[in-house]
Amino acid sequence: MIPATFIQSNLQGLSFFGPELILTLAILILLVLGIVLPFWRYRLLYTLVGITALAASLLPLFWLHPPAAGLPYLSELFVWDWLTFFFRPFFVVAAAFTILLSQASLEIEKETYSECVLLVLAVTAGMMLLVAATDLLMIYLAFETMGILSYVLVGIRAKDSRSGEAALKYVLYGAFTSGTMLFGFSLVFGLVGSTSLAQISSHMAAAAQNSADHLLLVLVLLFFLAGLLFKTAAFPFHFWCPDVYEGAPTPITAFLSVGPKAAGFALFLRFFYPMFTSDQGHGLYKALAGLQWPAVLALISAITMTLGNLAALRQNNLKRLLAYSSIAHAGYLFMGIVCLTGQGLRSVVFYLVVYLFMNLGAFAVVTVVAGAGGSEEINSYRGLASKAPFTCVAMAIFLFSLVGLPPFAGFIGKVYLFAAVISEQIYWLAVVAAVNTVISLYYYLRIVKAMFLETSPGGIQISVPLSFRLLLASLLIPTLGLGLYWQPLATVIASMF
């Protein structure tokens, strides 16, 4: 017989599960609607239901008490803490902009649009589960929910060979890294005899003191890194990124560049950090004895940002250029991870927030230009400023923010990251990042130069609808605003670590 206390505690835990339940309910409604009333498959209807469901999923956050210390729920499979509280709205914002971009874009056909909205909602629910999970099995289930549905999203244009090829590459790379990470999970279970992160963390420090377990711990570390580096598109698991980004519909590319990437970094904070560090108090952490992973990860950070920026220099296709830019930004974000301080972790979360808006904004402009009859090549942007000044000014602001120029949000984000590594005296990494920032200035300015200083013999006639201008404006406001007044966001993030 199931104990009454068990049932009661799980029923109480359902209140923390509200956002995922609302999204699941919306997915079921849309599924039934699409089957029973197929003639209702209007893009606008699905867009409205999708956006409403995302907005409604945030409502439970208003009546739940603010998270202090971690509060486990649903048989301790999940935890309610600041990380869970913070990243749920983050994923909702990314998904909402993706649906709005998909609605305005013609890349996703009418027949598959309803499935696109469903999949975006489902991936969002998977990301929410992932960031709250505190059990290895639940982490893996959420990881696969997010991953497998992302593969389908990439290949949603079934008649497009580029989309199919991108989806196949994504599946193959994803299956390999997922299996590798799962093997790491099995080694941890063999070592500790538990799948609970709390129990694993307490046993790992003891295992690190035992020389007989060192080889096993190193293997576990490497297997975990394989999965996490793949999801964050970092070296040496970045190969899929340019091809997948280019082959996927642009709104989906935008979603992948911020949603699953942020989920990958959240996973670093949720289980990689507690597992392979010991908390020293006062926001300081120490790597487990014999596991000098911060040095390895610092090297990966430097290689990732350098490789991403150098490869972006030669790109003429904007989606591939932004894909390599995304790889470079993963390198910047790892700077905060290797610091082993609360300041470093806060800088990662802050940069993820500003990256969300500036990167989505850049991809939104690519969607506008492609939808107006242009292409994804830089040549299509020549002389565009005279035909669509607002769009070009917005693009310039997003690109300047991605470089890290003041007074935009990207500048403040990089200041936080640089301050974190300099305070820990990792000067060489700060120098590498500074050099890479200068390199990135060149390829971002190529786009700005094409828009404002070059002329096109033919050129495209671009007409940007009001809805798209409003969408760009809603991304511009935080990109500018967080560059001028970032203190409230910094205060919220300071509560997390």
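Here are two short exercises on the pockets of this predicted model.

**Exercise 1.** Describe the largest pocket: its volume, the residues closest to its centre, and the elements that line it.

*Solution.*
- Step 1: Start with the space itself. The volume of the largest pocket comes to about 740 Å³.
- Step 2: Now look towards the middle. The lining has 28 residues, and those closest to the pocket's centre are V79, D81, T134, R270 and P274.
- Step 3: Place the lining on the fold. Two or more lining residues come from each of β2 (78–80), α5 (82–104), α9 (197–209), α12 (250–276) and β3 (277–281). The top contributor is α12, which gives six residues.
- Step 4: Sort the lining by class. You should find 18 nonpolar, six polar and four charged residues.

**Exercise 2.** Work out which residues line the second largest pocket, and which element gives the most to that lining.

*Solution.*
- Step 1: Take the volume, which is about 150 Å³ for the second largest pocket.
- Step 2: Pick out the lining in your viewer: L44, T47, L48, I51, L100, Q103, A104, S467 and L471.
- Step 3: Assign these to elements. Those giving two or more residues are α3 (43–57), α5 and α19 (466–484). With four residues, α3 gives the most.
- Step 4: Finish with the classes. Six residues of this lining are nonpolar and three are polar, while charged residues are absent.

Nicely done! As a last look, colour α5 in your viewer: this helix gives two or more residues to the lining of the largest pocket, and also two or more to that of the second largest pocket.

Terms used. Residues numbered from 1 in each chain as written. Predicted model: local features only at pLDDT ≥ 70, side-chain atom pairs only at ≥ 80, totals over all residues. Heavy atoms only, no water. 1 Å grid on protein atoms, 1.4 Å probe; cavity = no way out; pocket = protein on both sides within 12 Å on 5 of 7 lines; lining within 4 Å. Points joined across faces, edges and corners; volume = space filled by probe spheres on them. Nonpolar A, V, L, I, M, F, W, Y, C, P; charged D, E, K, R; others polar.
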